[in-house]
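Ready for a few exercises? Keep the sequence and the 3D view open, try each task yourself, and then read the worked solution.

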Amino acid sequence: MLFSSISFLYLFLPVLIVYYVVPKNWRNHVLLIASLFFYFVGEPVYVLLLVISSLSDFFHSLYIEEHRGTRGAKIALTSSIAINLGMLGFFKYADFFIGAVNGLLGTAIPLTGVELPIGISFFTFQTMSYTIDVYRGEAKAERNLATMATFVCLFPQLVAGPIVRYVDVDRELHERSITLDGLYRGAVRFAVGLGKKVLIANAMGEFCAAFRGATEPSVVFYWVYAAAYALQIYFDFSGYSDMAIGLGRLLGFDFPENFNYPFISGTITEFWRRWHMTLGGWFRDYLYIPLGGNRVSRGRWIFNTAIVWAATGFWHGAAWNFLLWGVYFGVLLVCEKLVWGNWLKKLNGFWRRVYTLPILLISFVIFNAVGDGLLLHDLKGLFGFGGLPFWSFETGYFLRSYAVLLLCAAVGATPLPKKIWERVRASRAGGYVGLIAEPLFVLLMLLIGTAYLVDGSFNPFLYFRF
């Protein structure tokens, strides 16, 4: 069930009124039932995976806490991780590896044909982080199964993040309050995310679809497509994260931020401090640092970085382009630290962004090139190989048609709109305007979003495939 869907907005959310009227000690149970139903609508069979994951990590963590410091605790941790990675590996990567073996050895091993459960990459990482934190002594094992299951199944962040760790919501799982300010801020944040998704991401998706159907491509068209796809996936995923954070606030939770205007970054290193921050933090704390981080020899650091970024790429999907995408960033991060990092520091902010943006646009082309030969085809198009013209009539037509939207999306991906609004709100008159404008904005986004969705327009969600 998409957040940006009629069924979610007008059927699922109204039912949650029950959540606000029941006694506080019943709220986790209501939330758990609602979350299981939310997942069941999209994955009727795979809801069992959530139950298995909750039970597994609940009992493993209890055992680990009772036997902390012993060999048994380490065995239990290994068992928990193996079960989580085993589920993820089977459902997401089994057919990829079978296909690779068949291609390499000429065998004919049949594929499993299993479908990818929605959000499995997100909820397996969340449950793994919980058990690891209990093993490290950074979290206490939850002794109430319903509370533990509520953490695993929380519908706002269940299928697409942000990746919420148990320590982030431990207190709120046991005691949280619903305030008018929280409800108001949650509604505004949800409306912002809905607007990002429906008004910008979907329109950028339509542009990208039109590009794929173009009969007169050009070098300029390829670069504009790269920018449009980068903006699509940013507004799609950050919009979903905004909606998740807003829903969390409506329910009394404070989820971590996931994006911080990544396209204003002056280096690739900075970009990854601003993009999908909860995933970056997960790999840092549970893979990079355990491998030794940067407190090792140069050769070992390069190895650690290679492992982390190969894993980051592969986490996004079982395809060679995702692995290449991860390696691409790993190489760039190593080069920024060891080769041209000092040169970058001498440049001003404008020229650092001139350096960063083309690299990022190429990365999004790699990221989206799922399919035989598509990656090489798109990279050739970016650099004009194969006799591709620099400009075409069709390029001009689509640029004129989407120029305003592309400009608005580009500006919207910077802090400028937020800064302008904060400056307006800081004035006395602006404060009064905000009291009227923000509620109207929420209502307007709901009405526009509803009209868009009723029309049956283009409305995919990209990160469901991960």
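Helices here are DSSP runs of H or I with at least four residues, numbered from the N terminus. One thing to keep in mind throughout: this is a predicted model.

**Exercise 1. Place Arg 176**

Task: work out where Arg 176 sits, whether Arg 176 is buried or exposed, and what Arg 176 touches.

Solution:

- Step 1. Start with the helices on either side. Arg 176 belongs to the loop between α8 (166-174) and α9.
- Step 2. Check the accessibility. The cut-off for buried is under 20% relative accessible area. Arg 176 has 10% relative accessibility, so Arg 176 counts as buried.
- Step 3. List the contacts, skipping residues up to four places away in sequence. That leaves Tyr 19, Lys 24, Arg 27, Asn 28, Leu 31, Leu 251, Gly 252 and Phe 253.
- Step 4. Look for polar contacts of the side chain. One goes to the side chain of Tyr 19, at 2.8 Å. Another reaches the backbone oxygen of Glu 172, at 2.8 Å.
- Step 5. Try a distance. Between Arg 176 and Val 424 there are 32 Å from C-alpha to C-alpha, and the two are 248 residues apart in sequence.

**Exercise 2. Charges over rings**

Task: which ring lies under the charged end of Arg 27, and which under that of Lys 92?

Solution:

- Step 1. Go back to Tyr 19, which Arg 176 touches. The charged end of Arg 27 sits over the Tyr 19 ring, 5.6 Å from the ring centre.
- Step 2. Now find Lys 92. Its charged end sits over the ring of Trp 315, and the distance to the ring centre is 5.4 Å.

**Exercise 3. Two aromatic pairs**

Task: describe the pair of Phe 125 and Phe 283, then do the same for Phe 207 and Phe 398.

Solution:

- Step 1. Know what to look for. Two numbers describe a pair of aromatic rings: the distance of the centres and the angle of the planes.
- Step 2. Count the pairs. The structure holds 62 of them.
- Step 3. Take Phe 125 and Phe 283. Their centres are 5.6 Å apart and their planes make an angle of 75°, an edge-to-face pair.
- Step 4. Ask what this pair ties together. Phe 125 lies in helix α6 (residues 120-136) and Phe 283 in helix α12 (residues 277-288), so the pair links parts that are 158 residues apart in sequence.
- Step 5. Check burial. Phe 125 is buried, with a relative accessible area of 5%, and Phe 283 is buried too, at 6%.
- Step 6. Move on to Phe 207 and Phe 398. This pair is edge-to-face as well, with 6.4 Å between centres and 90° between planes.
- Step 7. Place the two rings. Phe 207 is in helix α9 (residues 180-212) and Phe 398 in helix α18 (residues 393-412), so this pair ties together parts 191 residues apart in sequence. Both Phe 207 and Phe 398 are buried.

**Exercise 4. Salt bridges**

Task: go through three salt bridges, those of Arg 143, Arg 274 and Arg 284, and find the partner of each.

Solution:

- Step 1. Get the total. There are 13 salt bridges in the structure.
- Step 2. Arg 143 pairs with Glu 65, at 2.9 Å from N to O. Arg 143 is in the loop between α6 and α7 (145-153) and Glu 65 in helix α4 (residues 47-66), so the bridge ties together parts 78 residues apart in sequence. Arg 143 is exposed at 52% relative accessible area, whereas Glu 65 counts as buried at 19%.
- Step 3. Arg 274 pairs with Glu 270, at 3.0 Å from N to O. Both lie in helix α11 (residues 268-274), 4 residues apart, which is about one turn of the helix. Arg 274 counts as buried at 18%, and Glu 270 is partly exposed at 22%.
- Step 4. Arg 284 pairs with Asp 285, and their closest N and O atoms are 2.9 Å apart. Arg 284 is partly exposed at 43%, while Asp 285 counts as buried at 17%.
- Step 5. Look for a network. Arg 189, Lys 196, Asp 242 and Glu 257 are joined into one by salt bridges that share partners.

Note on methods. Residues numbered from 1 in each chain as written. Predicted model: local features only at pLDDT ≥ 70, side-chain atom pairs only at ≥ 80, totals over all residues. Heavy atoms only, no water. Phe/Tyr/Trp six-rings, centres within 6.5 Å; stacked < 30°, edge-to-face > 60°. Helix = DSSP H or I, 4+ residues; strand = E, 2+ residues; numbered from the N terminus. Buried < 20%, exposed > 50% of the residue type's maximum accessible area, 1.4 Å probe, protein only. Lys NZ or Arg CZ within 6 Å of the ring centre and 35° of its normal. Contact = heavy atoms within 4.5 Å. Polar contact = N/O pair within 3.5 Å; in protein donor to acceptor, adjacent residues only side chain to side chain. Salt bridge = Lys/Arg side-chain N within 4 Å of Asp/Glu carboxyl O.
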